[in-house]
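Let's take a walk through this structure together, moving from a pair of helices to the charged side chains and then out to the surface. Keep the 3D view open as you read.

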Amino acid sequence: MIEFELTPEQHLIKKTTREFSQKHILPGVIERDEKSIFPKNEIKLMGELGYMGMMVPEIWNGSELDTISYVLAIEEIAAVELATSTIMSVNNSLVCHVLNHYGSEEQKEKYLKPLASGAKLGAYSLSETQSGSDASNMKTLANKDGENYLISGSKNWVTSGISSDIVITFCVTGRKENKNEISAFIVEKGTEGFTVGKKEDKLGLRASDTCQIFFDNCKVPSKNMIGKQGEGFSIALNALRGGRIGIAAQALGLARSALERSIEYSKERIQFGKKISQFGSIKNKLAEMATDIEAARMLVWKAAYLKDQNKNYLKESSMAKLFASKVAMKASSECVQIHGGYGYIQEYGVERLMRDAKITEIYEGTSEIQKLVIAREILKNN
Ligand SMILES: Cc1cc2nc3c(=O)[nH]c(=O)nc-3n(C[C@H](O)[C@H](O)[C@H](O)COP(=O)(O)OP(=O)(O)OC[C@H]3O[C@@H](n4cnc5c(N)ncnc54)[C@H](O)[C@@H]3O)c2cc1C
């Protein structure tokens with residue numbers, strides 16, 4: 001039977017996260033965006049409330065919730081500030097996920113526990129200058145040296161690269177059948193030979209820090225390898241498959257916020273003696289936004305449901321991300337349009353939605369890459 005109803009616990013998560021975002025994240029959003037200020041106190045508080053390791057078992061200090069609860073929370077946080085939801089999403093879907101599923105008991109004790117409780121913050125570092133969509137074409141090397149690996153190279157676009165304590169990084173450990181053999185490592189900030197580059201000055205998502213990181217013969221103990229040597233690329237892709245559901249939920253939250261702001265403004269703004277919500281073209285925009293958002297929500301929930309049921313959700317997570325990010329772009333642009341000139345100035349806070357929305361079509365696999373994944377799956381299975 002198809003269920004569209006949330007459980008009482010899921011309702012509660014939605015309600016409490018909405019209240020939390022309004023009370024603790026909303027103040028300061030404009031300033032954080034303008035000055036690129038990392039939401040340090042907000043993230044700390046979110047850790048204390050269990051938002052940083054939502055799907056991690058309680059024995060590892062997580063909240064042990066399902067993926068539906070996670071996407072509900074991400075939607076609410078993203079509806080207020082996309083940047084904060086990105087920091088949350090990387091820590092949950094990428095970093096904690098990898099350690100929970102592939103980490104050793106020792107790694108879980110030492111790294112997963114503080115990451116899931118929010119005592120520490122994690123980053124996930126796959127992309128390099130020459131390898132974005134073609135991620136396996138990386139150059140960062142990890143050479144075995146006794147009981148350690150020596151890592152050399154650089155990584156690009158690391159979300160929370162500056163503010164994080166722990167980085168999961170993917171390196172080449174050899175060549176097999178003319179392909180890079182890739183392995184995953186846990187690297188602690190402060191390790192000799194590990195440096196962080198300057199903060200990127202971005203179009204949107206400005207409160208989240210993004211930077212390059214550099215490794216110069218950075219000595220990492222062999223016990224910090226996650227999984228086996230050569231398993232790194234499949235670990236990276238597995239994390240992204242789940243991560244894309246989180247990005248889709250972010251896009252959904254942003255789009256919903258654009259709709260809510262549009263409804264509110266169109267019921268206030270008077271032109272030609274009427275509220276602009278009474279004009280047919282504005283009604284059309286609102287109706288299309290609402291329909292798109294509902295469709296995006298169904299795709300997000302379906303992907304999350306399949307993941308919770310341990311079913312294959314590769315195609316569905318790509319579909320959810322592809323569609324929801326497109327909806328976020330369209331809804332945020334229409335929101336600015338409905339606000340007219342006021343939409344174009346910073347004070348009203350809706351131009352940020354448009355700037356922030358774009359990233360959901362780029363990171364964790366561009367829209368073009370999502371289409372490749374979807375096409376591959378439908379051609380394989382039909
Ligand atoms: C703000 C921000 C945060 C990020 N955070 C992280 C992070 O935390 N960790 C991390 O590892 N990475 C991160 N990234 C990197 C991000 O995942 C990459 O930017 C993304 O995967 C695209 O790679 P690229 O930028 O190299 O673009 P490219 O791969 O060079 O793509 C350029 C264009 O070509 C298209 N294209 C590429 N290949 C194909 C193909 N086969 N078919 C059709 N079209 C194609 C792309 O869709 C795109 O339109 C972040 C990026 C940004 C901007």
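In this predicted model, helices α4 and α5 run roughly antiparallel to each other, because angles over 145 degrees fall in that class and their axes cross at roughly 155°. To find the pair, look for residues 67-80 for α4 and residues 82-102 for α5; the two axes come within 6 Å. On the α4 side, the contact is made by Tyr70, Ala73, Ile74, Ile77, Ala78 and Val80. Facing them from α5 are Leu82, Thr84, Ser85, Met88, Ser89, Asn92 and Ser93.

Stay on α4 for a moment and find Glu75. Is this residue buried or exposed? With a relative accessible area of 1%, Glu75 is buried, because the cut-off for that class is under 20%.

Which side chains does Glu75 pair with in salt bridges? One partner is Lys14, with the closest N and O atoms 3.8 Å apart. Lys14 sits in helix α1 (residues 8-25) and Glu75 in helix α4, so this pair ties together parts that are 61 residues apart in sequence. Like Glu75, Lys14 is buried.

Another partner is Arg256, whose side chain meets that of Glu75 at 2.8 Å, N to O. Arg256 belongs to helix α7 (residues 232-266), so its bridge to Glu75 in α4 links parts that are 181 residues apart in sequence. Arg256 has 9% relative accessibility and therefore counts as buried too.

For a bridge within one helix, turn to α6 (residues 105-117), where Glu109 and Lys113 lie 4 residues apart, about one turn of the helix. Their side chains meet in a salt bridge at 3.0 Å, N to O. Glu109 is partly exposed, with a relative accessible area of 44%, and Lys113, at 21%, also counts as partly exposed.

Back with Glu75, the bridges can be followed further: those that share partners join Lys14, Arg18, Glu75, Glu76, Arg256, Glu260, Glu294 and Arg297 into one network. The count for the model comes to 29 salt bridges.

Finally, let's look at the surface. Here Tyr342, Ile345 and Tyr348 form a nonpolar patch, with about 250 Å² of accessible area together. Where does Tyr348 lie? Tyr348 is in the loop between α9 (314-338) and α10 (351-357). Its relative accessibility is 31%, so Tyr348 counts as partly exposed.

Terms used. Residues are numbered from 1 along each chain as its sequence is written. This is a predicted model: local features need pLDDT of at least 70, side-chain atom pairs count only at pLDDT 80 or more; totals for chains, interfaces and linings use all residues. Side-chain values use heavy atoms; hydrogens and water are left out. Patches are made of residues with over 30% relative accessible area and no salt bridge: like charges are joined within 9 Å, nonpolar side chains (Val, Leu, Ile, Met, Phe, Trp, Tyr) within 5 Å. Accessible areas come from the Shrake-Rupley method with a 1.4 Å probe; for residues, only the protein chains shown count as cover. A salt bridge is a side-chain nitrogen of Lys or Arg within 4 Å of a carboxyl oxygen of Asp or Glu. Helices (H or I, at least four residues) and strands (E, at least two) are DSSP runs, numbered from the N terminus. Buried means under 20% relative accessible area, exposed over 50%, partly exposed in between (1.4 Å probe, protein chains only). Axes are lines fitted to C-alpha atoms, for helices over the stretch in contact, and angles run from 0 to 180 degrees between N-to-C directions. Angles under 35 degrees count as roughly parallel, over 145 as roughly antiparallel, 65 to 115 as roughly perpendicular and the rest as oblique. Contact means heavy atoms within 4.5 Å.
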